[in-house]
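Colleague: Could you take me closely through the salt bridges in this model, and then place them in the wider setting of the chain?

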Amino acid sequence: MRGFQAIVLAAGLGTRMRSKLPKAVHEICGKPMITLVLDALEAAGAEGSFVVVGHLAELVEEVVGDRAVCILQSEQKGTGHAVMQAEDALSGYEGPVVVAAGDAAYLSEADLRSLVNHHQETKASATILSSILENPYGYGRVVREASGQIRRIVEDKDCSPEEALICEVNSSVYCFEKRVLFDALSRITPDNVQGEYYLTDVIEVMIQEGFRVEAVVSEDPLAAQGINTRCQLAEAERIYRDRIRERLMLSGVTMVDPETTFVDFDVVIRQDTTILPFSVIQGKTVIGEDCTIGPFARIVDSKVSSGATISNAVVIEAEVGKDVSVGPYAYLRSGTVLAERAKIGTFVEIKKSTVGKGSKVPHQSYLGDATVGEGVNIGAGAITCNYDGFHKYPTIISDEAFVGSNANLVAPVKLGKGAYVAAGSTITQDVPEGALGIGRGQQRNIQGWAARRLEERKKSGSIED
Ligand code: UD1
Ligand code: CA
């Protein structure tokens, strides 16, 4: 197959999305729509890609990064006008150019390859990727002669009643010979219902000038579908989510209820891990072998090592070590690192803290900016006081330390190796290695207090029978 250059159109207003964001950056299973299009183009062998940006260009450029050269279309005068903007960028190039709409979210490598191959084999000047839709409403129709030869593409809004019945629709993905494309673009006019320069109009211009135009009909009815509305966005999410789940299950992941298991594109889950219902695994999360995740777990951009158990928890940008147990009802925030066999229990929140091997934080604790060594036990309700309203301070809890229940460790503070903190203490000074830190009022017991109180009340008549 010959190499090709690609132009992706992503300058439009995306009016039908009713969004403050440009359409191209809306995500499907964690991937911006335009990234899906670029992925397919790269997989099919695009040698270089250009993205036409306009409406909120910076946001699209940020997502595109260095994967393509962005070209500005400062006024959005239609898809044809958008392609015209790429002429200078392609000035030194001769050969096939694939043009794709930035909302062609279902574009596949296979369809692209057959498009470019067919284009090449038939020596066409333009080849359209089309597909057959039961309900072609809203799409450009591929109008053919009785002989089957393509005549033109007509936009939905410009269709005659007969044309409206045509079920073969334009996917807005094409392969063009570059020179013929830009020559034809210079001849189109915005003489249509929307007053725009339609890219689709180059087809008729080319045919009238005697160039060969072909179409490849995709067997996938989704191929032609763009994402114009939030409803179509949700449908794409559903379709891709299904594919992701299927891929993972076939690779050895158990999903007890796939319908309530939501996994983003870039997530890696290894063999013999079980995902229990109502779990959401997002971003660049990697989950090792033999883990049990869920029910009700949300894990974002985190690394979970083999054998870990995470139930009813929210885990964001954290590292969960081998055989660690998290939850139920735990919240691991950014910068949390749990070494192997650590145990994080119920109603525990941890932020930007390291917990060493085999250490336990089993009940109702908050650790922030803490470094916890190995074999530490943190009692129920013990917390770090890491913030004074202005700054955050570190807490160091050395190996084998034991923090009694409901202790407040006021940072900056350090507990030495094997140090103890008495339950209920508010610790404001370091506790040396092996020492016991007690920071609480001395208890005194007042004998007979309850009976005397009752007596006094009775005397003053303040007790009702
Ligand atoms: C387009 C096709 C239609 C096809 C459908 C398939 C045209 C005229 N129509 O219609 O035949 O069936 O896709 O999904 O091409 N854009 C720009 N600059 C502009 C206008 C649009 O960059 O000035 C971009 C948009 O951001 C979008 C893409 O071009 O990514 C397609 O535009 P859109 O408005 O979605 O076209 P459709 O009406 O869906
Ligand atoms: Ca569209």
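**Salt bridges and their surroundings**

Modeller: Asp 242 is partly exposed, with a relative accessible area of 37%, and in this predicted model its side chain meets that of Arg 245 in a salt bridge with an N to O distance of 3.1 Å. Arg 245, by contrast, is buried, at a relative accessible area of 5%, which falls under the 20% limit for that class. Both residues belong to helix H8, and because they are three residues apart there, about one helical turn separates them.

Salt bridges with shared partners also join Lys 31, Asp 39, Glu 42 and Arg 67 into one network. Within this network Asp 39 forms a salt bridge with Arg 67, whose closest N and O atoms are 2.7 Å apart. That pair links distant parts of the chain, since Asp 39 sits in helix H1 (residues 33-43) and Arg 67 in the loop between helix H2 (57-64) and strand S5 (69-72), 28 residues apart. Asp 39 counts as partly exposed at 24% relative accessibility, and Arg 67 likewise counts as partly exposed, at 27%.

A further salt bridge brings together the side chains of Arg 179 and Glu 94, at 3.4 Å from N to O. Here too distant parts of the chain are linked, with Arg 179 in helix H6 and Glu 94 in the loop between H3 and S6, 85 residues apart. Arg 179 is exposed, with a relative accessible area of 53%, while Glu 94 is partly exposed at 46%. Helix H6 (residues 178-185) is nevertheless mostly covered, as six of its eight residues are buried, among them Val 180, Leu 181 and Phe 182. The elements that cover these buried residues include strand S1 (4-10), helix H3 (79-84), strand S10 (168-177) and helix H7 (201-208).

In total the structure holds 20 salt bridges, yet the count between domain 1 and domain 2 is zero. The domain assignment places domain 1 at 4-224 and domain 2 at 252-437, and their centres, taken over C-alpha atoms, are separated by 49 Å. Five residues of domain 1 are in contact with four residues of domain 2, and one residue pair between the two domains is in polar contact. The two domains bury about 340 Å² between them, 65% of it on carbon and sulfur atoms.

Notes
Residues numbered from 1 in each chain as written. Chains lettered and ligands numbered in written order. Predicted model: local features only at pLDDT ≥ 70, side-chain atom pairs only at ≥ 80, totals over all residues. Heavy atoms only, no water. Domains from an automatic or database assignment. Contact = heavy atoms within 4.5 Å. Buried area = accessible area lost by both parts, 1.4 Å probe. Salt bridge = Lys/Arg side-chain N within 4 Å of Asp/Glu carboxyl O. Polar contact = N/O pair within 3.5 Å; in protein donor to acceptor, adjacent residues only side chain to side chain. Buried < 20%, exposed > 50% of the residue type's maximum accessible area, 1.4 Å probe, protein only. Helix = DSSP H or I, 4+ residues; strand = E, 2+ residues; numbered from the N terminus.
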